[in-house]
Amino acid sequence: MDRTVRTVEDVLALLDGLFASESEAGRLATGDGKDFWDRFYTDRPRPVPFFVSKPDENLAAYLDQGLIAPGRALDLGCGAGRNALYLASRGFEVNAVDLSPVAVAWGEDRAHEAGADVRFLCGDAFALPAAELSGPYDLVVDSGCFHHLPPHRRVSYLALLDRVLAPGGHLALTCFAGEQGMGSDLADADLYRQRDLQGGLAYTPESLRWIFSDLVEVQLRRMREEPPESALFGVTFLWTALFRRSAVASGDVRPVHDFA
């Protein structure tokens with residue numbers, strides 16, 4: 001007789017197991033798993049759009065428009081570090097974390113080549129000790145991590161934000177919008193019935209506002225298309241969102257609704 005559940009984290013780990021395949025028995029318990037992402041990032045020359053060393057166009061726009069300012073930043077699911085390196089070049093003190101050691105090694109190589117000072121961490125952001133992700137961070141960047149999480153791990157995600165995001169700090173998020181086959185529209189309950197994350201979850205503006213309702217919406221819009229010759233990364237099948245954590249005695253930021 002095996003009784004494994006005593007805490008909330010035990011429940012979350014049990015639910016993680018519903019999405020684990022036999023071939024990934026040793027994987028870490030978020031998203032598509034360490035083994036998947038190690039394979040994904042192994043072939044560096046592969047023509048994957050976000051393998052390019054370019055920052056997200058919305059992230060550059062937030063800085064250019066004065067919506068965010070340099071400070072301490074955390075890049076969640078940093079991949080090969082394209083946004084982390086950009087933030088470092090704009091004066092941020094950057095910590096970057098990813099589940100895949102292959103992706104982290106690529107990011108470290110890029111940082112070395114660019115002479116960028118970025119602290120890379122490898123592991124599950126929800127399981128890393130508080131001393132590793134100490135916070136507080138003025139900016140948390142997530143370009144493609146959130147939409148690979150199973151629904152129950154939103155609880156862990158929000159708890160992490162609550163712990164590490166500074167009062168008045170910002171979350172810069174990009175996630176699947178469900179077009180061009182990018183992101184599943186299946187209801188949360190159906191994902192558990194099928195035990196499959198469908199390659200990532202699509203979100204609507206309404207669902208993002210509901211999930212992050214404890215934060216103040218600054219801007220929510222489609223990512224803008226960027227041509228190949230651009231210094232920025234931009235594709236239209238992603239939502240971009242900027243949310244702010246309320247600060248004591250601070251005024252409200254009025255939402256900017258732009259679905260262009």
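The points below concern the overall build of this predicted model and the setting of one of its helices, α4.

1. On overall dimensions, a compact globule with 260 residues would have a radius of gyration near 18 Å, and the protein, at 18 Å, agrees with that expectation. Taken along the principal axes, the box filled by the C-alpha atoms comes to roughly 60 × 45 × 40 Å.

2. The secondary structure consists of eight helices and eight strands. Of the contacts between residues at least 6 apart in sequence, 70% join residues that are at least 24 apart.

3. As to burial and surface, 49% of the 260 residues are buried, while the protein exposes about 12400 Å², of which carbon and sulfur atoms supply 55%.

4. The charged side chains number 25 positive and 38 negative, and the centres of these two sets lie 2 Å apart.

5. Helix α4, which spans residues 82–89, is largely enclosed by the rest of the structure, because six of its eight residues are buried, where buried stands for under 20% relative accessible area. The buried residues are Arg82, Asn83, Ala84, Leu85, Tyr86 and Leu87, a list that includes the side chain of an arginine alongside those of leucine and tyrosine.

6. The packing partners of these buried α4 residues comprise both helices and strands: α3 (57–64) and α5 (101–114) among the helices, together with the strands β1 (72–76), β2 (93–98), β3 (118–122) and β4 (137–143). After α4 comes glycine 91, which has a positive phi, near 100 degrees.

How values were computed
Residues are numbered from 1 along each chain as its sequence is written. This is a predicted model: local features need pLDDT of at least 70, side-chain atom pairs count only at pLDDT 80 or more; totals for chains, interfaces and linings use all residues. Side-chain values use heavy atoms; hydrogens and water are left out. Helices (H or I, at least four residues) and strands (E, at least two) are DSSP runs, numbered from the N terminus. The radius of gyration is taken over C-alpha atoms; the globule rule is 2.2 Å times the number of residues to the power 0.38. Buried means under 20% relative accessible area, exposed over 50%, partly exposed in between (1.4 Å probe, protein chains only). Contact means heavy atoms within 4.5 Å. Accessible areas come from the Shrake-Rupley method with a 1.4 Å probe; for residues, only the protein chains shown count as cover. Lys and Arg count as positive and Asp and Glu as negative; His and the chain ends are not counted. The place of a charge is taken as NZ of Lys, CZ of Arg, CG of Asp or CD of Glu.
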